[in-house]
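Please look over the model shown here. The report concerns one chain, its domains and a nonpolar core.

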Amino acid sequence: MNIAVCIKQVPDIPTIRMDRERMTVIREGVESVINPLDGVALEAALGLRDTWGGNVTVLSMGPPQSEEALREALARGADQAVLLTSPAFAGADTLSTSHVLATAIARLNPCPDLVLCGRQTIDSDTGHVGPQIAEELDFPQVCGVHEIHVETDALVVKQVSDGFLNTLRVSMPALLTVSQGLSVPRHIPLGDLERAFSDRKVIRWGLEDLGLQAEEVGLMGSATRVWRLYTPPPRRRGEILSGPPHRLVEHLITMLEAMGILDEEDANG
Amino acid sequence: MHLELSMKQAVIRRTVRKFAEERLSPAAGEMDATARFPLEIAGEMADLHYFGLEIPAEYGGAGLDTVSYAVVIEEISRASGAMGLCVCVHNSVSAYPIYEFGNEDQRRGFLVPMAKGQKIGTFCLTEPNAGSDASALETIATRDGDGYVLNGNKIFVTNGAVSGTNLIFALTNPAPERREFTVFIVESDRDGLEKGPIEDLMGMRGNPVCPIMLSDCRVPEKNRLGGEGEGMKIALSTLNGGRIGIASQALGIAQASLDVSIKYARERRQFGQSLSDFDAVKGVLADMATKIDAARLLIYRASYLRAKGLDHGKESATAKLYAAGVGVEVSRAGLQMHGGYGYTKAYPIERYYRDAKVCEIYEGTSEVQRIVIARHLTKK
């Protein structure tokens, strides 16, 4: 079973800081990590490969420093790593990102039987990319999977949706987005890390390698724009009133009058 | 000049920290309380190449550079000083000398199982009458046919109770005008080697430190490491690198102390505000952080020089001297900040304080480090 895993390098949330003047995330000096659910997806892929054979290719779209995440994925056991990088990819929204990833996946040889993605990332948290890739590749998709079983010509997966536990049979090739609980990322042997950085190769594909035009990707290829990024003002804590019901009613009416929500006529009902 | 860790080294730090926080931190308190060495965790660490850090892959090791090694020791020690000590001593002063001074048969026969964590190593130099004055050692190796017979007592052997491979320093020429000693690789199951009870230590209590006694212990010549009389050369070269590991241990303990102190200072409220709002406390935290930064840079400098194959005796002594002091100072300041709670076993800061002290003592006391540094400064 040949598996493609999409991973993203994201800021390590405990170290993240906001530039409150520019209302942007400060990325300098912030450690970057593999998005946690992408790590779960990778671990699941490695487990499937170890059981059923095949290979695992990891892909990431990002700036050159995203290579760090790909090398870490190689150290964890991925067979091949592909970095999709180009200045033209900058400013991409999820649609534009998905287009680049889908194009790259379609170019893999052999074509993967299964694409795994984390359900969402801890920075943008949209959950869009996996489904959008599936749509472009015309793969059946299931989101938020926490169990995968392999049958002769299909996968049987479980996911929780709207409070219901669903068991679904999915023909391959397919795309699954994974949730916590599917697998626990393994600890990495230090020698494998050393070799991932010194001996292993990370393939780099840019705009031309993928046969894409500049207007299809990055900011130009995006259907959405980020207008403003801000932290919401802290919500006021509510006040809990306690006491006998008739006193509560009196107190509440007094409060609502003071706030101008009730006038005297409404209060006297 | 580039002061940041490389991409690889940063990932190594993150990887080790994750393992240490998940597997070692939860066990560290119990290790200290029961003075139990966690063989099961050591087994996991063996599979992850923690026992062959700088040993090349061809001998079963991870093949890391010295800066990466220092980072690993720091992160392990941040979670557990006792396990950091085990990994440091095994790697830097037991396995590495076999790689550096051993022949190919010794590398294949002794080093490979050590690098894979199948045999834990020791460095047996100290004796009841030979501490800082290592040349006063009395363990003797007498030629006997195609081997040697060893007699003597070694004390304070780190990892001793669980070791499989021991580097024993013994006199091969006791003549006063020309005292020479030699290093022997002695397996723990060799006849004539016995281990005493585990020491009841102030700190690093999860490390199984014990004495090793040799009584007519016959060792074949093929177990001799290097030539006869090369023991001093091997010891000095080995300790140069070993100092980087001890410094990194102390740094990890200091970092752990700072981390818990910041958390406590934020949470603890007195006189209507958090401790961290008091200027006096801000000053203490700033001093702790500054010392830690300085110690880290000294360690990285020594590691960088060693990785490049350059002389690093003065720099490694400087790193150990300073970092060991920082470990004690920062853990003490952290304990003071915790107040009465810091004096209880409920908080880890008292363990850090007890663990830190020995870094000023073993593998060359701070006083000896000063002599080493001064010799470099004043040599003609």
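The text below moves from the overall form of chain B to its domains and then to the core.

This is a predicted model, in which local features need pLDDT of at least 70, side-chain atom pairs count only at pLDDT 80 or more, and totals for chains, interfaces and linings use all residues. Residues are numbered from 1 along each chain as its sequence is written, with chains lettered from A and ligands numbered from 1 in the order in which they are written.

The C-alpha trace of chain B spans about 80 × 50 × 40 Å along its principal axes. Of the 380 residues in chain B, 54% are buried (20 or more other C-beta atoms within 10 Å of the residue's own, with C-beta atoms placed from the backbone).

Chain B has three domains, listed here with bounds from an automatic or database domain assignment.

| Domain of chain B | Residues |
|---|---|
| domain 1 | 7-120 |
| domain 2 | 122-229 |
| domain 3 | 232-378 |

Domain 1 of chain B meets domain 3 of chain B through 22 and 24 residues respectively. A contact needs C-beta atoms, placed from the backbone, within 7 Å. The centres of these two domains, taken over C-alpha atoms, are 20 Å apart.

The largest nonpolar core holds 180 residues. Such a core joins buried Ala, Val, Leu, Ile, Met, Phe, Trp, Tyr and Cys residues through C-beta atoms within 7 Å. Among the members that touch the most others are A:Val5, A:Leu101 and B:Phe184. Not counting residues up to four places away in sequence, B:Phe184 touches nine residues, including B:Ala141, B:Tyr148 and B:Leu225.

Methods: A residue is buried if 20 or more other C-beta atoms lie within 10 Å of its own, exposed if 12 or fewer, and partly exposed in between; C-beta atoms are placed from the backbone. Two residues are in contact if their C-beta atoms, placed from the backbone, lie within 7 Å.
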